[in-house]
Amino acid sequence: MELKRLKLVTIVAESLLEKRLVEEIKRLGAKGYTITPARGEGSRGIRSVDWEGQNIRLETIVSEEVALKILQKLQEEYFPHYAVIAYVENVEVVRGEKYV
């Protein structure tokens with residue numbers, strides 16, 4: 001069995017951004033993603049009303065090049081205007097060809 005080293009990009013964002021973020025990461029080269037509900041507290045506090053919707057946690061496994069493109073796009077267009085965080089981790093995956 002051969003493992004391939006890739007990057008796991010995790011984005012936690014307002015749920016209203018889900019469709020836009022999915023389109024963005026796919027356009028930048030992601031082959032797939034997973035979305036789960038997320039909640040918590042951060043620098044912007046706890047969301048106080050239900051109509052705002054909950055947060056999502058979007059995860060995608062990509063090459064380092066694609067990970068950097070995603071982070072750059074988030075920094076330029078999302079961080080200044082929305083409650084969004086992102087981080088990258090090194091991962092080793094089986095069937096790495098599925099992700100690049």
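In these legends, a residue is buried when its relative accessible area is under 20%, exposed when over 50%, and partly exposed in between, with a 1.4 Å probe and protein chains only. This is a predicted model, where local features need pLDDT of at least 70, side-chain atom pairs count only at pLDDT 80 or more, and totals for chains, interfaces and linings use all residues. Residues are numbered from 1 along each chain as its sequence is written, and side-chain values use heavy atoms, leaving out hydrogens and water.

**View 1. The whole chain, with its 2 helices and 4 strands.** Follow the sequence and you'll meet the pattern β-α-β-β-α-β. Helices (H or I, at least four residues) and strands (E, at least two) are DSSP runs, numbered from the N terminus. Of the 100 residues, 33% count as buried. The accessible surface comes to about 6800 Å², with 48% of it belonging to carbon and sulfur atoms; such areas come from the Shrake-Rupley method with a 1.4 Å probe, and for residues only the protein chains shown count as cover. Contact here means heavy atoms within 4.5 Å. Among contacts with a separation of 6 or more, 79% link residues 24 or more positions apart.

**View 2. Helix α1 meets helix α2.** Two packed helices are described by the angle between their axes and the distance between the axes. Here, α1 (residues 18–27) and α2 (residues 64–77) have axes that come within 10 Å and cross at roughly 135°. The axes are lines fitted to C-alpha atoms, for helices over the stretch in contact, with angles running from 0 to 180 degrees between N-to-C directions. The two helices are therefore oblique to each other: angles under 35 degrees count as roughly parallel, over 145 as roughly antiparallel, 65 to 115 as roughly perpendicular, and the rest as oblique. On the α1 side, the contact is made by R20, L21, E24, I25 and R27, while α2 brings I70, K73, L74 and E77. Sorted by class, that's 4 nonpolar, no polar and 5 charged residues. Ala, Val, Leu, Ile, Met, Phe, Trp, Tyr, Cys and Pro count as nonpolar, Asp, Glu, Lys and Arg as charged, and the others, Gly among them, as polar.

**View 3. V93 and K4, from strands β4 and β1.** V93 is buried, at 9% relative accessible area, whereas K4 is partly exposed at 37%. These two sit 89 residues apart in sequence, yet their C-alpha atoms are 5.3 Å apart. K4 also has E92 at 5.2 Å, C-alpha to C-alpha, from 88 residues away in sequence. Leaving out neighbours within four places in sequence, V93 is in contact with E2, L3, K4, L6, I61 and Y99. On the same terms, K4 touches V91, E92, V93, G96 and V100.

**View 4. T10, a buried residue in strand β1 (residues 3–14).** T10 has 0% relative accessibility. Skip the residues up to four places away in sequence, and T10 touches R57, L58, E59, I85, A86, Y87 and E89. The C-alpha atom of I61, 51 residues along the chain, is 8.9 Å from that of T10.

**View 5. E65, an exposed residue in helix α2.** E65 has a relative accessible area of 54%. Its C-alpha atom is 9.3 Å from that of K7, though 58 residues separate the two along the chain.

**View 6. R95, in the segment after β4 (84–94).** Most residues other than glycine have a negative phi. R95 has a positive one, near 60°.
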